[in-house]
Amino acid sequence: MSLAQRTVALCAALVLAAACGSRPGESPSETDDSAKQSPTPPASATPEATATPATPSPVPAITPSAAQLEEIERIERLTAQVRELQPLADVREVFIRREDASAAFLSSLTDSDREQIAKLDPALRLLDLIDDDTSFLDEYGELAATQVAGFYEPTTGKLYVIVSGDGAEFTASDELTISHEYVHALQDQHFDLDRLDESGTDDATEAFLAVVEGDASLASFMYFQGHSPRSLLDLYDDPAVQEALEQADEISAALMAYFMFPYTEGLSFVTDIYYDGGWQAVDQLLREPPLSTEQIIHPEAFGANDAPSLLDDPRPAALAGDGWKFVEAGTAGELLLRVHLGTRLSEARAGEAADGWGGDRWTLWSKGEESVLVVATTWDNQGEADEFVDLYERFLIERYRDVEEMSNGSLTATDGQATAFIARVDVAVAVLVIGTDADAVRAAGRELAP
């Protein structure tokens, strides 16, 4: 159920949270601003476009002035020096206005992307990540319209900056965004960001994205602190940042927590790696990224090479006939479980419940307008599995109010529209079934936890 976007972006509302809440980067040594780098790469170094946008609607671009072009060159050159990655190809910068941001952002999605995202809407609704009257694409577009400050497309090698005001002069957030997205271009040239789609599981993709965004956030903040003529106060006072902060509540709170993860916990994770081993250690992270969001949330799990357990897809016979159709399968991971639980529990309780995650697989089923999501989870030990089930009972009470406990210890809850079932079925294995068809949920639950 990966929600990682094909583009890698910088959300303006997250700039201050990351800048003010992270450990400051070491100020890089002073560098010479006079030497201009204009590399001419071999053809093989230029990123190849491998997917055609679904609805390529041209977005009017702003033409930078001569002074702005000079500033772009300075920002990118110094960012490369701070990040200790030399450019292998020229990067095409595209500057657009806020009103065109959503169209430009969504145009990077292929028909296949859109179909895949639409298929997952029922699961996201069952997990309370989006409301019944919206879709993930709606939320995605709102994110671009109000929060995204810029983005980089690995498939085209284009760097987009959503400029503040009339674009006549760059602001503090414009400068930080150019630096941030240029780091993505450098990452792509050296480590191939198309690999985001080849991470193995959905959760591994999110972990890789956290490294990509954490790296770009750290490097761009180090550039800003060490080389920008502007200050963090200018960044705080930037109207674009303030407006984004004011509009953040227009995005689903659960999805906003999910979107924030790469910029906050990804930044914290990468910063620790940087302080231990410098940029070479961060480079190695991009070559061999963490295997799960658990390893981002709990860096000790990454250090101990605590790989997720591999589970079979849960395919209850109760959903194999009678008009039910298999839709999709994947891995939720500790992050998505935590965000789901956080829709009703406190952040601390949700974290406790998801802590100890050892692996999972989910399957989504549909029958007409009805949907059922089945999640099989494994935990580090019986105590962690019991804690997950116990705290999930609290979640059910908050979410559905009426919870019924069966003789085998399983729990069922319903609100008339959705029904949920949870049980521990082995020493460290728990199953969760949520759906809009109460009979199907109960039947699948009884089968998985007899």
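**Exercise 1. Where does asparagine 305 lie?**

*Task: place this residue in the predicted model and describe its surroundings.*

Step 1. Find the elements on either side. Asparagine 305 sits in the loop between helix H12 (299–303) and S5.

Step 2. Check how open the residue is. Its relative accessibility is 57%. Exposed means over 50%, so asparagine 305 counts as exposed.

Step 3. Look at the backbone. Asparagine 305 is not a glycine, yet its phi is positive, about 55°.

Step 4. Take one distance. Leucine 291 is 14 residues away along the chain, and the C-alpha atoms of leucine 291 and asparagine 305 are 8.9 Å apart.

**Exercise 2. Another positive phi**

*Task: find out which loop holds aspartate 192, and describe this residue.*

Step 1. Aspartate 192 belongs to the loop between helix H6 (172–191) and helix H7 (202–227).

Step 2. Aspartate 192 has a positive phi of about 65°, although it is not a glycine.

Step 3. With a relative accessible area of 35%, aspartate 192 is partly exposed.

**Exercise 3. Following the salt bridges**

*Task: work through three pairs and a network, and say which parts of the chain each pair joins.*

Step 1. Start with the total: a search of the whole structure gives 14 salt bridges.

Step 2. Take lysine 119 and glutamate 328. They form a salt bridge in which the closest N and O atoms are 3.3 Å apart. Lysine 119 is in helix H4 (residues 111–126) and glutamate 328 is in strand S5 (residues 325–330), so this pair ties together parts that are 209 residues apart in sequence. Now compare the partners: lysine 119 is partly exposed at 35% relative accessible area, while glutamate 328 is buried at 17%.

Step 3. Turn to arginine 349 and glutamate 352, whose side chains meet in a salt bridge (3.3 Å, N to O). Both residues are in helix H14 (residues 347–354), and because they are three residues apart, about one helical turn separates them. Arginine 349 counts as partly exposed at 32% relative accessibility, and glutamate 352 counts as partly exposed at 33%.

Step 4. Next come aspartate 415 and arginine 399, with a salt bridge of 2.8 Å from N to O. Aspartate 415 is in the loop between strand S9 (411–414) and strand S10 (419–426), whereas arginine 399 is in helix H15 (residues 382–400); the two are 16 residues apart. Aspartate 415 is partly exposed at 34% relative accessibility, but arginine 399 is buried at 17%.

Step 5. Finish with the network: salt bridges link Glu71, Arg74, Glu175 and Arg230.

**Exercise 4. Reading a sheet**

*Task: what is the order of the strands in the open sheet of seven strands, and which strands stand at its edges?*

Step 1. Write down the order: S5-S6-S7-S11-S10-S9-S8, with antiparallel pairing.

Step 2. Find the ends. S5 and strand S8 (403–405) are the edge strands; each has a single partner strand, so one side of each lacks a neighbour in the sheet.

Step 3. Consider the turn between neighbours. Ignoring direction, neighbouring strands of this sheet are turned against each other by 15° on average.

Step 4. Zoom in on one pair. S9 and S10 run antiparallel and are joined by four bridges. Leucine 411 stands opposite isoleucine 422 in S10.

Step 5. Add the helix. H15 lies across strand S7 (370–379), S8, S9, S10 and strand S11 (429–435), and runs at about 165° to S10.

**Exercise 5. The whole chain, and how far to trust it**

*Task: summarise the protein chain, then point out stretches with low pLDDT.*

Step 1. Count the elements: the protein chain has 16 helices and eleven strands.

Step 2. Look at burial and surface. Of its 450 residues, 54% count as buried. The chain exposes about 18,600 Å², and carbon and sulfur atoms supply 47% of that area.

Step 3. Examine the contacts. Among those with a separation of 6 or more, 76% are between residues 24 or more positions apart.

Step 4. Check the confidence. The average pLDDT is 85, and 86% of the residues score at least 70. Over residues 1–6 the pLDDT is below 50, and this stretch has 31 contacts in the model beyond near neighbours in sequence. Residues 20–57 also stay under 50, and there the model has 67 contacts beyond four places in sequence.

Notes:
Residues are numbered from 1 along each chain as its sequence is written. This is a predicted model: local features need pLDDT of at least 70, side-chain atom pairs count only at pLDDT 80 or more; totals for chains, interfaces and linings use all residues. Side-chain values use heavy atoms; hydrogens and water are left out. Buried means under 20% relative accessible area, exposed over 50%, partly exposed in between (1.4 Å probe, protein chains only). Contact means heavy atoms within 4.5 Å. Accessible areas come from the Shrake-Rupley method with a 1.4 Å probe; for residues, only the protein chains shown count as cover. A salt bridge is a side-chain nitrogen of Lys or Arg within 4 Å of a carboxyl oxygen of Asp or Glu. pLDDT is the predictor's confidence in each residue, from 0 to 100. Two strands pair if DSSP finds at least two bridges between them. Axes are lines fitted to C-alpha atoms, for helices over the stretch in contact, and angles run from 0 to 180 degrees between N-to-C directions.
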